[in-house]
Amino acid sequence: MDALVALCKRRGFIFPSSEIYGGINGFFDYGPLGVELKKNIRDCWWRDLVHRRDDIVGLESSIIMHANVWRASGHVDGFTDPLVDCKVSKQRYRADQLFFAPVVVDGATVGYVSALESEDTAGVLQAAAETLKRKRAIQGALAPVAPRDLTEARPEEIALIPSPATGEPGSLTPPRAFNMMFETHVGAMRDDSAVAYLRPETAQGMFVDFKAVVDTGRVKLPFGIAQIGKSFRNEITPRNFIFRSREFEQMEMEYFIHEDADWAKCHREWIDWCTGWLHSIGLPASHLSEYNHPAAKLAFYSRGTTDIMFRYPFGVQELWGIAARGDYDLKQHEKHSGVPQVIFDEASKKKFTPHVIEPAVGVDRLVLAVLCAGYAEEDVTDDKGNVEKRTVLRLSPRIAPVKVAIFPLLKNKPELVARARELYRKLQRRYAVFYDESGAIGRRYRRQDEIGTPWCVTIDFETVETDGRFTLRERDSMQQTRIDETQLFALLDAQID
Ligand code: GAP
């Protein structure tokens, strides 16, 4: 992760927000290459889902909506995370990410240890338990730790659990519900009637505009409404770079189905569609898995939720949630607004509330996933037999920020520069291309490898003096072939869509 974060900063993918003022935790800026990568991911999703299917339409709803939207959806009352304070250090923790265990020696509890959630929480707690036993010179057999999180602590245990910040017990508060919505005021008044929220998900826009979309007459069940946009959550512990931030972007789709439809089949179809789409932007199957939420932990209205998980360097984590939400959201909005949220079924001549399958993914989590999956450091041997390190980002051509880099072999040969510039201008009309004439060719290749450019083209003397063909160098294999302009356009056409 450290190497990747450093690369993102060095090469202009992602910067901490407001860095010249010391930064602001949980917010990030996308630099010149990052913004291209992110846009390509968004564009691929939109093209594949909205343009290339007949059953999905797009939407862009406002970020700030009527506060009643969030009362109806349940966010005002229930969009909370359990918060724990350390009264001494003033640190705040998410109770479900703060783990503890009693230290049990010869069957008796001799103290408590705590640790923040990590890849190996149990291992860290076990080591802490051994340290505690050794420091206090306690004799006897130490039992294996049984980790629980702070939401599971009994009231009398809270006082005995050490704060991760101080290592001492007595400073942690019992968990309390912390609402994650950012609040603001609309208009000149600052009273309760003017309270509004930055949306914590894009999904509610699709529910609130459901009738408006249906009434435009373009859609018939089953159909989906898709939206890409910013969401905001005042996360207690933003972490792991852009994985969990406070301002992020979501791509969500609400797929409305008949109340009697086979929702489980439809749910499965969407899980498969999402998995296939992830492969299409270059995420390998080896990094992906599925997690089915246990029935006991589902929201009361949910019939089933499956997360597509990605193996990040910091652990296997949720990338894409696919939820079967029944008719809960439309029914809630009907109840709170008084406006029927129903559709007329021609076959049964009946009105009913459709049910919904919702695939919801974060663009930033996707950006991080493709960067993690693509990042590699490897030893390569040059023509003279020297071994050097190359850093390469193996990004799919569909999403790579730069598709082709064009180099004249030498920058002081006007005929080479002229031909390279001509090709560059031609390609630029259709693709994101980069022109570079400075430094040795090997160094120019390395610079492009590091930002994930799939192909480099070098214009040399043969190009201008003989058949017009040039060298095409492929990023992953580093193989070089000679091709002409028509072949280059055909290659790009086939690979970038
Ligand atoms: N409408 C359903 C919904 O919003 P969610 O699981 O809370 O469900 C959907 O969010 C997706 O949004 C997640 O799978 C994740 O990819 C992304 N996401 C959620 N919170 C995020 C955060 N704080 N930072 C970055 N991405 C986030």
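**Exercise 1. The hairpin of β6 and β7**

Task: In this predicted model, find how many residues lie between β6 and β7 in their hairpin, and which residue in the turn has a positive phi.

Solution. Step 1: β6 covers residues 98-105, and β7 covers residues 108-116. Step 2: The hairpin that these strands form has two residues between them. Step 3: In the turn, D106 has a positive phi of about 50°. Step 4: The two strands run antiparallel and are joined by eight bridges. To check the register, find A101 in β6; V113 in β7 stands opposite A101.

**Exercise 2. The surroundings of β6**

Task: State which other strand pairs with β6 over two bridges, and decide whether β6 is largely enclosed or open.

Solution. Step 1: The strand is β8, residues 148-149, which pairs with β6 in the antiparallel sense over two bridges. Step 2: The position can be confirmed at F99, which stands opposite D149 in β8. Step 3: For burial, the cut-off is under 20% relative accessible area. Seven of the eight residues of β6 are buried, so the strand is largely enclosed by the rest of the structure.

**Exercise 3. A sheet of three strands**

Task: Give the strand order of the open sheet of three strands and say which strands stand at its edges.

Solution. Step 1: The order is β5-β4-β9, and the pairing is antiparallel. Step 2: The edges are held by β5 (92-94) and β9 (176-179). Each has a single partner strand, so one side of each is left without a neighbour in the sheet. Step 3: From one strand to the next, the twist averages 50°. Step 4: For the pair β4 and β9, count four bridges in the antiparallel sense; β4 spans residues 80-85. Within this pair, T80 stands opposite N179 of β9.

**Exercise 4. A sheet of seven strands**

Task: Write down the order of the open sheet of seven strands, then locate the bridge partner of I257 in β19.

Solution. Step 1: The order reads β3-β12-β13-β19-β16-β15-β14, with mixed pairing. Step 2: β3 (56-58) and β14 (288-292) are the edge strands, each pairing on one side only. Step 3: Ignoring direction, neighbouring strands of this sheet are turned by 25° against each other on average. Step 4: β13 and β19 pair over six bridges in the antiparallel sense. The bridge partner of I257 is H355 in β19.

**Exercise 5. The ligand and its shell**

Task: Determine which residues come nearest to the ligand, which polar contacts F243, E252 and E318 make with it, and which element gives the largest share of the shell.

Solution. Step 1: There are 18 residues around the ligand, and those that come nearest are E201, R233, S245, E252 and E318. Step 2: Take the contacts one by one.

- E252: an N or O atom in its side chain is 2.5 Å from a nitrogen atom of the ligand.
- E318: a polar side-chain atom lies 2.6 Å from an oxygen atom of the ligand.
- F243: here a backbone N or O atom lies 3.4 Å from a nitrogen atom of the ligand.

Step 3: On its own the ligand has 550 Å² of accessible area, and the protein covers 88% of this. Step 4: The elements giving two or more residues to the shell are β13 (247-257), β16 (315-326) and β19 (355-362). Of these, β19 gives the largest share, four residues. Step 5: Sorted by class, the shell consists of eight charged, six nonpolar and four polar residues.

**Exercise 6. Unusual backbone angles**

Task: F241 and K349 have positive phi values. Decide for each whether it is buried or exposed, and then find the cis peptide bond that leads to P222.

Solution. Step 1: F241 lies in the loop between β12 and β13, and its phi is near 60°, a positive value in a residue other than glycine. Its relative accessibility is 15%, so F241 counts as buried. Step 2: K349 belongs to the loop between β17 (343-345) and β18 (350-352). The phi of K349 is near 55°, again positive in a residue other than glycine. K349 counts as exposed because its relative accessibility is 55%. Step 3: The cis bond runs from L221 to P222, with omega near -10°. P222 is placed in the loop between α8 (210-215) and β12 (223-232).

Technical notes
Residues numbered from 1 in each chain as written. Predicted model: local features only at pLDDT ≥ 70, side-chain atom pairs only at ≥ 80, totals over all residues. Heavy atoms only, no water. Near = heavy atom within 4 Å. Polar contact = N/O pair within 3.5 Å; in protein donor to acceptor, adjacent residues only side chain to side chain. Areas by Shrake-Rupley, 256 points an atom, 1.4 Å probe, with all protein chains shown as cover. Nonpolar A, V, L, I, M, F, W, Y, C, P; charged D, E, K, R; others polar. Buried < 20%, exposed > 50% of the residue type's maximum accessible area, 1.4 Å probe, protein only. Pairing = 2+ DSSP bridges. Axes fitted to C-alpha atoms, helices over the stretch in contact; angles between N-to-C directions.
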